[in-house]
Amino acid sequence: MTAPTVYRSEMTEAQVEYLTDLVASEDFAGAHLEVGTASGMTLARMIRALPAPHDPAFVVVDNMRYFPDQMDTVRGNLESHGIDPDRVEFRVGDSGDAFEAAARAGDSFDFMVIDASHRIRKVTGDLRWTRLLNPGGVVCLHDYHPSFPGVVKSVHRFLRRHSSYERMPSVDGLVALRKTGPSRRPEISWVDRAWAAGWHVPLTIARRAN
Ligand SMILES: C[S@@+](CC[C@H](N)C(=O)[O-])C[C@H]1O[C@@H](n2cnc3c(N)ncnc32)[C@H](O)[C@@H]1O
């Protein structure tokens, strides 16, 4: 008999606790977003930590191609945490397309977790979501670690170019940035995307060599 697959949060307990403490203490009135949910286990913990009900509880962007029956798994895991999955707004598709649709719709968020593809082109592309982050809001990126140079390089460049974001104290492997004021220009431009494209091949070669 095959053992049932056990899905867990892909974050460490310290990282999940950091996020749950953050959403609880900040008590943001605006919308909450997770880009990349896997089995929804971190999502469930964050929703349970929200001090006040939100409608939707969270917006989740994911292409749901991570493993078979991903959506059913996420919904089941939310239910097992006592959360009605219909309280989550799932936007199934590529994060880049979802960003463009959200920008067109005029969406805004107070809290974001970005944890989808860790390739440099994708991370830099996903940092476009910060355009929709309200001043005072917080964006967290997972796997901010030397094993994921695409995340580290994208975040460093972002911080160098945007003085309206400051790093918050956080735990290893998770970086949190607060938007301290409005940005005068779009956070990610075609120049940033070209820079990320230029790093794609060297980082791919380095990853294969290791
Ligand atoms: C590392 S997992 C997320 C882990 C999750 N945040 C957690 O804490 O357990 C990455 C997720 O991002 C999704 N993903 C990867 N690339 C994507 C893309 N380009 N657009 C939308 N979702 C994507 C995958 O389907 C997967 O569910």
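# Reading a mixed sheet and its surroundings

Author: In this predicted model, strand 6 and strand 7 (residues 173-179) are paired in the antiparallel sense, over four bridges. Within that pairing, Tyr-165 stands opposite Lys-179 of strand 7.

Reader: By what kind of bonds do strands of a sheet pair?

Author: Strands of a sheet pair through backbone hydrogen bonds, and the pairing may be parallel or antiparallel. In this structure, strand 1 and strand 4 pair in the parallel sense over four bridges, and strand 1 also runs parallel to strand 2, to which three bridges join it. Glu-34 can be followed in both directions: it stands opposite Val-113 in strand 4, and its bridge partner in strand 2 is Val-60.

Reader: In what order do the seven strands form the open sheet?

Author: The order is 3-2-1-4-5-7-6, and the pairing is mixed. Strand 3 (88-92) and strand 6 (165-168) stand at the edges; each has a single partner strand, so one side of each is left without a neighbour in the sheet. On average, neighbouring strands of this sheet are turned by 20° against each other, direction ignored.

Reader: Which strands does helix 1 touch where it packs on the sheet?

Author: Helix 1 (residues 13-26) touches strand 1 (32-35), strand 4 (109-114), strand 5 (133-144) and strand 7. The direction of helix 1 makes about 20° with that of strand 7. Another helix takes part in a connection: strand 1, helix 2 and strand 2 make a right-handed β-α-β unit.

Reader: Where do the side chains of a regular strand lie?

Author: In a regular strand they alternate between the two faces of the sheet. Strand 1 offers a case: His-32 and Glu-34 point one way, Leu-33 and Val-35 point the other way, and all are buried.

Reader: Why does Val-155 count as buried, and why does Arg-167 count as exposed?

Author: The reasoning rests on a count of other C-beta atoms within 10 Å: 20 or more make a residue buried, and 12 or fewer make it exposed. Val-155 has 21 such atoms and is therefore buried. Its place is in helix 6 (residues 149-161), and, leaving aside neighbours within four places in sequence, Val-155 is in contact with Leu-141, Tyr-144 and Val-175. Arg-167, by contrast, has 11 C-beta neighbours inside 10 Å, so it counts as exposed. Arg-167 lies in strand 6 and touches Leu-159, Val-175 and Leu-177, residues up to four places away in sequence not being counted.

Reader: What sign does phi have in most residues other than glycine, and what form do most peptide bonds take?

Author: Most residues other than glycine have a negative phi, and most peptide bonds are trans. Asp-27 has a positive phi of about 45° although it is not a glycine; this residue lies in the loop between helix 1 and strand 1. Asp-143, in strand 5, also has a positive phi, near 65°. As for the peptide bonds, a cis bond joins Asp-55 and Pro-56, with omega about 0°. Pro-56 is found in the loop between helix 2 and strand 2.

Reader: How many residues surround the ligand, and which are the closest?

Author: There are 19 residues around the ligand, and the closest are Glu-10, Gly-36, Ala-38, Thr-42 and Tyr-66. By class, this shell has six nonpolar, seven polar and six charged residues. Helix 2 (41-49) and strand 2 (58-62) each supply at least two residues of the shell.

Methods: Residues are numbered from 1 along each chain as its sequence is written. This is a predicted model: local features need pLDDT of at least 70, side-chain atom pairs count only at pLDDT 80 or more; totals for chains, interfaces and linings use all residues. A residue is near a molecule or strand if its C-beta atom, placed from the backbone, lies within 6 Å of it. Ala, Val, Leu, Ile, Met, Phe, Trp, Tyr, Cys and Pro count as nonpolar, Asp, Glu, Lys and Arg as charged, and the others, Gly among them, as polar. Two residues are in contact if their C-beta atoms, placed from the backbone, lie within 7 Å. Two strands pair if DSSP finds at least two bridges between them. Axes are lines fitted to C-alpha atoms, for helices over the stretch in contact, and angles run from 0 to 180 degrees between N-to-C directions. A crossover is right-handed if, with the strands pointing away from the viewer, the path from the first strand over the helix to the second runs clockwise.
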